[in-house]
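Trainee: I should be grateful for a close look at one part of this structure, namely its salt bridges. Which side chains meet in them, and where do those residues lie?

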Amino acid sequence: MNNKKQVNLLIPFAALSLCVLLTGSCAKKEKLYRKSALLMNTTVTITVVSDSSEKADAAVDAAIEDIKRLEALISFWSTESEISAINRNAGVKEVAASPDTIDMIEKALFVSEKTGGAFDATIGPIIRLYDFKKKIKPDDRAIRKKLPLVNYKEMAINRDASTAYLRKKDMSFDTGGIAKGYAAHRAAEALKATGINAGIVAVAGDIRAFGLKPDGKPWLVGIRNPETGDKEDLLAVLGLSDESISTSGDYERYFIEKDGTMYHHILDPKTGKPARGVRSVTVISKEGAFSDGFSTGIFVMGTEKGMKLLNEMGFEGLIVDNQGKIYMTDGLKERIKFKGKNED
Ligand code: ADP
Ligand code: MG
């Protein structure tokens, strides 16, 4: 689709490398360009390194278009999406879907397998029973009725035929725990395809960074203090390049009942109720869908099993439990800088 655009954009970059070789000075002109847009029900911010505002603009627009395109395919709430068609046809028939949709579902099923079902995107029928804005939660009977519909093993995909099928009627695949991380990664790929060598895409808290900043350093990303969930109140910062980071926290979407119980949007697929024990989970990996999906799944698994899985998968990560205790992978300890008291 963007072939013509890509060719046009690559020419100035070829010229740029030539002039770097000859004079060693052109690279200095590289600057940061940033643009935000409201997509996927949240704020998407894209930052690129470029030597021209035109090139930066074209690249960012291409990435935004790609997120829009993906959103139209994988949105859980839009009745027009391919995911909705798959859900409507649960227990009825296989549905043809684009390779992107199948790819995302396949990644979600991989996360489900690895987390032993703690991440289960077939949580759809249960998530629909909650409304966190209106402070609505289901009673136990309603949950019990829908729980048998939650089982990722009842979802079948056929990569060759590019189809997906939910085997039981009324099953429903909720992309909320994986779509943003997937889209951030894909948008970064879209930027690269236009010739951009460095940038960072943030779909809310699901972030993908590639290349280095103009100062030659990795991109700096913050992890929020789950105590407040405030974007100004950071627990720690770390450098990121050619990786994805996602944080799942109970502060994102929640309400508090009169008795003080907090109802938030990360549900234990076994009980249909908010997972307890953990306040936030951050996962850093090479794959956006995995950072997003595993952070949600590990939130449900809890600290002990969660840390074990992070190490097994070779991911970096951090878990804050409900006492404020921090658990971290060894690799992360070397690159994270805590704010506040520990700051040097
Ligand atoms: P956020 O949407 O705030 O980035 P997450 O990535 O953790 O947070 O995703 C939470 C969303 O994932 C929920 O709003 C819901 O749509 C879905 N979800 C909730 N619990 C699970 C679960 N156990 N497995 C898979 N998806 C889930
Ligand atoms: Mg997630």
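Mentor: What follows is an account of selected salt bridges, with the surroundings of each partner.

The model is predicted, and the structure holds 20 salt bridges. As a general principle, side chains of opposite charge can pair when their charged atoms come close.

Let us begin with Lys55 and Asp51, whose side chains meet in a salt bridge at 2.7 Å, N to O. Lys55 counts as buried because its relative accessibility is 7%, which lies under the 20% limit. Asp51, by contrast, is partly exposed, with a relative accessible area of 25%.

A second salt bridge joins the side chains of Arg279 and Glu227, at 3.9 Å, N to O. This pair links distant parts of the chain, for the two residues are 52 residues apart. Arg279 belongs to strand β15 (residues 278-285), while Glu227 sits in the loop between β8 (219-224) and β9 (234-240). Arg279 is buried, at a relative accessible area of 16%, whereas Glu227 is exposed, at 56%.

The salt bridge of Asp330 with Lys333 has its closest N and O atoms 3.2 Å apart. Both residues lie in helix α10 (residues 330-333), three residues apart, which is about one turn of the helix. Asp330 counts as exposed because its relative accessibility is 55%, over the 50% limit. Lys333 is partly exposed, with a relative accessible area of 48%.

Finally, salt bridges can also be considered as a group: Asp66, Arg69, Asp100 and Arg186 are linked in a network of them.

How values were computed:
Residues are numbered from 1 along each chain as its sequence is written. Chains are lettered from A and ligands numbered from 1 in the order in which they are written. This is a predicted model: local features need pLDDT of at least 70, side-chain atom pairs count only at pLDDT 80 or more; totals for chains, interfaces and linings use all residues. Side-chain values use heavy atoms; hydrogens and water are left out. A salt bridge is a side-chain nitrogen of Lys or Arg within 4 Å of a carboxyl oxygen of Asp or Glu. Buried means under 20% relative accessible area, exposed over 50%, partly exposed in between (1.4 Å probe, protein chains only). Helices (H or I, at least four residues) and strands (E, at least two) are DSSP runs, numbered from the N terminus.
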